[in-house]
Amino acid sequence: MENPTSITYLTQQQAAEIDQLLLSQSGYTIDQLEELAGLSVAAAIAEVYRQSEYKRVLVICGPGNNGGDGLVAARHLHHFRYDVCICYPERAPEPFYKGLVAQLESLSAPFLSLESLSEELLDFDILVDAIFDFSFQGNPRPPYDDLIRRLASLRENCREHQKSPKIISVDVPSGWHVEDGDISGEGIKPDMLVSLTAPKLCAKRFDGPHHFLGGRFVPPSIVSKYELKLPPYPGTSMCVRIGEPTCVDQTGVSPPKRIDKSVEADPFVQFQKWFDVASEAGLKDPDAMALSTATKDGKPAVRMVQLKKVDQGGFVWCSNYSSRKGGELSENPHAALLFYWSALNRQVRVEGFVQKVSDEESEEYFHSRSRDIQITPTLGIQSMVIPGREVVYQQYKEMEGKYPEGTTIPRPQNWGGYRLVPERFEFWQGDESSVHLRLRYFVQDIDGKREWRHVK
């Protein structure tokens, strides 16, 4: 992760000159550069937006080089197991671009017409803006002017949707001035910007949560000639993050850099708000939570488990009922959960009592797991002492033979879900000044109804 203030930002003229030098003096061909650029875009998307949560992708391609980058990115995203569609209104006639189209058609990736997009934009999880690049000047012409307007107003139409599509712009958000940015203030406001070669000056005005640099191909001669300050790429990665990820709410507005003092009356709404931010920031395992239990004598124990579901009924996870935590919960049903998101400087504590979920819910959770993970709890060895790992491998192979592909694996009766019904929440948000925010919620029984009150 690189500090954005220590990186070189290019003018439009510098970007054009470097592009020409890459092609004339450095020996690159346009198809090589677009292949590297498109792979960089796909890698950045995959790093932040997991395919398991953001499945459907629409790549909107313009008539020039940026459209070619988009076509390459679409191919790589398909191989990353995203469901990819492409909108390519004006197909470039050059053989290279025809080849990119043929490659996608051979993968059965659908090409959508402009007419079919009239109501479909909201059906996608990710929208890739690969319409115009740094060479664009003037006002967008049809049909791209309408496409850009629709992308810019997308969030206004999504306010009632739980999760609006994420917009990823390639190199320069389409319609922005390459140096001055979104001059009108009414342009596309992407969630991610993937700068290529080096960031353009307009990237300084990008305030979305994710800024990446892609294009690991700039030779030392060009770096020296233009005195470029570019971040080192980690390992074998084709992209590198610029700056810290920032947090956005569902309207796409960045919260203040300092402490967030907004308060929801309902702690479940407050939790979902913070959880969504953690998920969309690309944090690893935002659903991991520490579960603390205790014996009837008050001896505590803690371990990490995975949140399966949260709603007004409580927080759900799954486990072996015969495990140590299962035994402790059977004799002392009081427990606590802790979510900790270090990159956001936030944590949430939840305390309450625990009960088993219904058999129907446990069945649903069990059969939603992949087949290999379903086999593991049937071994019935959690919290047991075993002679060695080879015993586990042997039992696992026996269960694979007993339940071949295509058969249903029955849920073990000692495996199922637990639900913690909260009685208390505490939201903690750190601040650089060390003046931290604690927001506490307590449940009260008023006329037979559970109602929440909060204090700071």
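1. In this predicted model, helix H3 covers residues 65-79, and its 15 residues reach 22 Å from the first C-alpha to the last, which is close to the 21 Å expected at 1.5 Å a residue. The helix is mostly covered, with 12 of its 15 residues buried. Among the buried residues of H3 are Asn66, Asp69, Leu71, Ala74, Arg75 and His76, and they also include the glycines Gly67, Gly68 and Gly70. After H3 comes Arg81, a residue with a positive phi, near 80°.

2. For the wider setting, the protein chain contains 12 helices and 16 strands, and 47% of its 456 residues count as buried. If one takes the contacts between residues at least 6 apart in sequence, 69% of them join residues at least 24 apart. The accessible surface of the protein chain comes to about 22600 Å², and 49% of this belongs to carbon and sulfur atoms.

3. Which residues of the largest nonpolar core touch the most other members? This core has 36 residues, and the ones with the most such neighbours are Ile45, Ile86, Ile126 and Met192. The elements that give two or more residues to this core are helices H2 (30-48), H3 and H4 (95-106), together with strands S1 (56-61), S2 (83-87), S3, S4 (166-170) and S5. Of these, H2 gives the most, with six residues. Apart from this core lies another one, of 30 residues, among them Val305, Leu329, Trp341 and Val350. As general background, nonpolar side chains in soluble globular proteins tend to be buried together.

4. Ile86 deserves a separate look, and residues up to four places away in sequence are not counted here. Its contacts include Leu58, Val59 and Cys61, then Leu71 and Ala74, and also Leu104, Ala109, Pro110, Phe111 and Leu112. Of these contacts of Ile86, Leu71 and Ala74 are also listed among the buried residues of H3.

5. Strand S12 (residues 334-341) has two faces: Ala335, Leu337, Phe339 and Trp341 make up the covered one, whereas His334, Ala336, Leu338 and Tyr340 make up the uncovered one. Trp341, on the covered face, is also one of the residues of the 30-residue core. Strand S8 (residues 288-294) is joined to S12 by three bridges, and the two run antiparallel, with Ala290 standing opposite Leu338. Eight bridges join S12 to strand S13 (residues 346-356), again in an antiparallel arrangement, and here Phe339 has Val348 as its bridge partner.

6. S12 and S13 form a hairpin with four residues between them, and the loop between these strands holds Asn345. The phi of Asn345 is near 60°, a positive value in a residue other than glycine. Is this residue buried or exposed, or in between? Asn345 is partly exposed, since its relative accessible area is 29%.

7. Two further places in the backbone should be checked by eye, because most residues other than glycine have a negative phi and most peptide bonds are trans. Thr197, in the loop between strand S5 (192-196) and strand S6 (210-214), has a positive phi near 70°. Thr197 counts as buried because its relative accessibility is 14%, and the cut-off for buried is under 20%. The peptide bond from Pro142 to Pro143 is cis, with omega near 0°, and Pro143 lies in the loop between strand S3 (126-130) and helix H5 (144-152).

Note on methods. Residues are numbered from 1 along each chain as its sequence is written. Side-chain values use heavy atoms; hydrogens and water are left out. The expected span of a helix is 1.5 Å times one less than its number of residues. Buried means under 20% relative accessible area, exposed over 50%, partly exposed in between (1.4 Å probe, protein chains only). Contact means heavy atoms within 4.5 Å. Accessible areas come from the Shrake-Rupley method with a 1.4 Å probe; for residues, only the protein chains shown count as cover. Two strands pair if DSSP finds at least two bridges between them. A nonpolar core is a set of buried Ala, Val, Leu, Ile, Met, Phe, Trp, Tyr and Cys residues joined through side-chain atoms within 4.5 Å.
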